[in-house]
Each structure stands twice: as C-alpha cells, then as structure tokens.
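Please read this report with the sequence and the structure side by side, and find each residue as it is named.

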Amino acid sequence: MKLLVGILLCSLVLGVSSQRWLTFLKEAGQGTRDMWRAYSDMREANYKNSDKYFHARGNYDAAQRGPGGAWAAKVISDAREKSQRITDLFKFGDSGHGVEDSKADQAANEWGRSGKDPNHFRPAGLPDKY
C-alpha cells in the first residue's frame with residue numbers, strides 16, 4: 001500500500017516519467033533482495049555482536065542500487081524496528097526494554113544507507129564469507 005501511494009504521489013507531484021518509475025521499481029526490488037541477503041547471512045552466521053554489521057551492510061548494499069534501493073532499505077528497516085518495538089511491548093510491557101538496541105540498529109541502518117563503510121560495525125572474528 002505504501003508503495004502504491006508513494007508511486008501515485010511522486011508521479012503527480014514530481015511528474016516522473018514512466019521510464020524513471022521502471023528504474024525506481026527495479027532498484028527497489030534489487031534493494032529488497034539485498035536486505036533479505038543480509039538478513040539471511042546474519043541468521044546463518046549466528047555470530048555474537050554482528051547484528052549492527054548486517055544492518056549496515058544490508059542498507060549499504062540496497063542504497064548502492066540507487067534511490068529505489070535506498071527507499072526499500074528505509075521502509076524495510078523502519079518496519080522491522082517498529083514491529084520489534086510492538087513485540088517488545090507485549091513481552092515486557094512499557095519497560096523501555098530494547099529501546100537502546102533499536103536506536104543502535106537504526107543508527108547502523110542510516111550509516112549504511114548514507115554510503116559509509118558497513119565494516120565499521122564488523123565484529124572481530126566474523127568469517128570473511130560475510
């Protein structure tokens with residue numbers, strides 16, 4: 001739904017050509033795959049203190065695709081953090097549990113989307129495969 005509203009709004013307000021929309025959608029699809037690959041690698045690695053690295057890497061890879069990839073990375077990252085806050089609220093009540101971790105995840109997401117090196121968050125000993 002957000003995608004449809006975003007496309008409609010931008011096409012009306014910005015007058016974007018259909019060719020640009022096709023490029024944007026292609027980049028968004030590729031960015032989504034980049035985010036999924038980072039998530040899958042994080043689950044596979046199961047390495048202590050590596051989640052910020054994978055957050056930054058997924059956002060970095062997606063944003064390198066172009067505006068569509070950066071948009072997809074932001075939407076996915078924001079949705080993930082919001083859903084985690086909701087589940088934390090049910091599990092722990094209004095205790096503030098996980099707030100700091102969520103802020104740190106969002107900082108890593110923004111770091112990667114801005115084009116900065118995700119290896120800044122890479123933990124020592126993480127296999128080179130990742």
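## Helix H1 and confidence in the model

Lys2 is found in helix H1, and its relative accessible area of 63% makes Lys2 exposed, because a residue over 50% counts as such. Although Lys2 and Val75 stand 73 residues apart along the chain, their C-alpha atoms are separated by 9.0 Å.

That distance should be read with care, since this is a predicted model, and confidence in the protein is lowest in helix H1 (residues 2–14), where the mean pLDDT is 63. Where pLDDT is low, the predicted coordinates should not be read in detail. Helix H3, by contrast, has the highest confidence, at 97, while the mean pLDDT of the protein is 87, with 83% of its residues reaching 70 or more.

## The length and buried side of helix H4

How far apart should the ends of helix H4 be, at 1.5 Å a residue? Helix H4 covers residues 67–92, which is 26 residues, so the expected span is 38 Å, and this agrees with the 37 Å that separates its end C-alpha atoms.

The buried residues of H4 are Gly68, Gly69, Ala72, Ala73, Ser77, Asp78, Glu81 and Asp88. When reading such a list, it helps to recall that an α-helix has 3.6 residues a turn, so residues three or four places apart point the same way.

## The largest pocket

The largest pocket holds about 360 Å³ of space, and 19 residues line it, with Met35, Tyr39, Met42, His55 and Arg80 lying nearest its centre. Two or more lining residues come from each of helix H2 (18–45), helix H3 (51–63), H4 and helix H5 (99–113).

Which helix gives the largest share of this lining? That share, six residues, comes from H2. By chemical class, the lining of the largest pocket divides into seven nonpolar, seven polar and five charged residues.

## Salt bridges around Lys52

The structure holds eleven salt bridges, and Lys52 takes part in a salt bridge with Asp51, in which N and O are 3.0 Å apart. Is Lys52 buried or exposed? With a relative accessible area of 15%, Lys52 is buried, because it falls under the 20% cut-off, whereas Asp51, at 23%, counts as partly exposed.

Lys52 also forms a salt bridge with Asp101, where the closest N and O atoms are 2.7 Å apart. Because Lys52 lies in helix H3 and Asp101 in helix H5, this pair ties together parts that are 49 residues apart in sequence. Asp101 is partly exposed, at 34% relative accessibility.

## A pair within helix H5 and a wider network

Glu110 and Arg113 also form a salt bridge, with their closest N and O atoms 3.2 Å apart. Both residues belong to helix H5, and because they are three residues apart there, about one helical turn separates them. The two partners can be compared by accessibility as well: Glu110 is partly exposed, with a relative accessible area of 42%, whereas Arg113, at 15%, counts as buried.

Elsewhere in the chain, salt bridges join several residues into a network, which links Asp34, Arg37, Asp41, Arg57, Asp61 and Arg65.

Key. Residues numbered from 1 in each chain as written. Predicted model: local features only at pLDDT ≥ 70, side-chain atom pairs only at ≥ 80, totals over all residues. Heavy atoms only, no water. Helix = DSSP H or I, 4+ residues; strand = E, 2+ residues; numbered from the N terminus. Expected span 1.5 Å × (residues − 1). Buried < 20%, exposed > 50% of the residue type's maximum accessible area, 1.4 Å probe, protein only. 1 Å grid on protein atoms, 1.4 Å probe; cavity = no way out; pocket = protein on both sides within 12 Å on 5 of 7 lines; lining within 4 Å. Points joined across faces, edges and corners; volume = space filled by probe spheres on them. Nonpolar A, V, L, I, M, F, W, Y, C, P; charged D, E, K, R; others polar. Salt bridge = Lys/Arg side-chain N within 4 Å of Asp/Glu carboxyl O. pLDDT = per-residue confidence, 0-100.
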